[in-house]
Structure formats: C-alpha cells, structure tokens
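User: I would like to go through the labels attached to this model and hear, for each one, the reasoning behind it.

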Amino acid sequence: MARDMVPVLKRCRSLDIDPAYLGYDKKSKRQAKRSNRKKSEYGSQLNEKQKAKFIYGVLEKPFRNYFRRASMMKGQTGENLMVMLESRLDNVVFRLAFARTRREARQMVDHKMITVNGKIVNLPAYEVKPGDVIALTEKAKSTQLAKDIFEVVNGRGVPEWLTSDQENFTGTVNALPLREQIDVPVDEMLIVELYSK
C-alpha cells in the first residue's frame, strides 16, 4: 500500500498550509525558501490540487477518481469534489474529535476501531451518508489512547453538519456538508481548471 511519508511540517511549509488543518498544534520556525519568480497559472493550479490531496491524505489515482465522479454529478464539480472528500470516514472521525490528527483518524479506521451504524468499517475512504452513526468500538473506548485523545481534543469545535457526543465517543451525520461549512483553504476552481486541460 502506498503511503505519503513526507514530514508533515515540511510539507505544510512548502504548500503554505497551517498545520492546524491537519490537527497539529506545532508550527515550523523555518521559512520556506522562495525565489522571486512569479508562480505560473499551472503552478497555482497544481499547488491547490497538492494541498487538497495532502490535507485529506488521498493519493493521485483515487483523487482523479473522485474528480471524475464529481464531474458526473449534478451541480458544480468543484463543490461536489470537496463534499466527497469531506465525507470520507477518516475525515469525519477527525471532525468528530475522536482523533488528534487526520493521520491518527485514518489509522484508527485502518485498525478497526471505528463502527458505522454498529458495523466495523476499516476503509478510510468509506463515504458517510446522512443519518449514519459513527462510534468507537467498546474495546477502543477502554484503551488509554481514547482517554488521551479525549483530554487533548475535548472542546475542539465540531462542524454544524455533525453531532458529537465526545464522552461516549459517538457521533451522527446530520447532513452532507455545504461548501461554506468546509473550512479547508483550497480553491477548488483551480483544481477543476487543472483537470479540464
């Protein structure tokens, strides 16, 4: 299985992303070395795509498949793409504050610590639907990891489209998110322009 092993802060610095979007509270003291050259139109479009892929932890081929599906759906392709990425199970686990970082959320799903409607799901790319109930397994709730996570993330804001009961580690998907409710610093129109070439 392919994995992105690039150090998080280094990649955040190169893409000009705040590490808080990934769940990290560290900040790099180094400055990205930038030449005085102006970025081309293609460079800007590629940068936005790389940002989206890095934030959601999606590799190139699955990302292209998301775009293809988004372009076949009704509505604007860019908005459809962002909603599909936001409704991935690993992202929802992070948004419900069941994990400290997006990578930790993905690992929890991989390790069969998450249930959807009472059934264990270990696919990070599983798309949640309105009405789905996401919870930690009973075994996972009793671990020290769950207690540590609760101490760190207790009080982290949960988006309006989700309802979270952090003490019992359960959450409900009220509706699919609207683009205005997705606070990720990505200009999806540049991604659409990139793939339209």
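Analyst: In this predicted model, the side chains of Glu 60 and Lys 53 come together in a salt bridge, with 2.9 Å from N to O.

User: Why is the contact between Glu 60 and Lys 53 called a salt bridge?

Analyst: The label requires a side-chain nitrogen of Lys or Arg within 4 Å of a carboxyl oxygen of Asp or Glu. The N to O value for Glu 60 and Lys 53 is 2.9 Å, which is within 4 Å, so the pair qualifies. Lys 53 and Glu 60 also belong to a network of salt bridges that links them with Lys 49 and Arg 64, and the structure holds twelve salt bridges.

User: What makes Lys 53 count as buried, and what is Glu 60 called?

Analyst: Buried means under 20% relative accessible area; Lys 53 has 14% and therefore counts as buried. Glu 60, with a relative accessible area of 24%, is partly exposed, because that class lies between the 20% limit and the 50% above which a residue is exposed.

User: How do you know that Glu 104 and Arg 100 form a salt bridge, and which classes of accessibility do Glu 104 and Arg 100 fall into?

Analyst: Their side chains meet at 2.6 Å, N to O, and this is within the 4 Å cut-off, so the contact is a salt bridge. Glu 104 is buried, because its relative accessibility of 13% is under 20%, whereas Arg 100, at 26%, falls between the two limits and is therefore partly exposed.

User: What makes Lys 141 and Glu 138 a salt bridge, and where do the two residues lie?

Analyst: The closest N and O atoms of Lys 141 and Glu 138 are 3.4 Å apart, which is within 4 Å, so the definition is met. Both residues lie in helix α7 (residues 138-141), where they are three residues apart, about one turn of the helix. Glu 138 is exposed, because its relative accessible area of 61% is over 50%, while Lys 141, at 24%, is partly exposed.

User: Turning to the sheet, why are β2 and β4 described as standing at the edges?

Analyst: The open sheet has five strands in the order β2-β1-β3-β5-β4, with antiparallel pairing. β2 (119-120) and β4 (162-165) each have a single partner strand, so one side of each is left without a neighbour in the sheet.

User: How do you know that β1 and β3 are paired?

Analyst: Pairing needs at least two bridges between the strands; three bridges join β1 (residues 114-116) to β3 (residues 133-136), so these antiparallel strands count as paired. Within this pair, Ile 114 stands opposite Leu 136 in β3.

Terms used. Residues numbered from 1 in each chain as written. Predicted model: local features only at pLDDT ≥ 70, side-chain atom pairs only at ≥ 80, totals over all residues. Heavy atoms only, no water. Buried < 20%, exposed > 50% of the residue type's maximum accessible area, 1.4 Å probe, protein only. Helix = DSSP H or I, 4+ residues; strand = E, 2+ residues; numbered from the N terminus.
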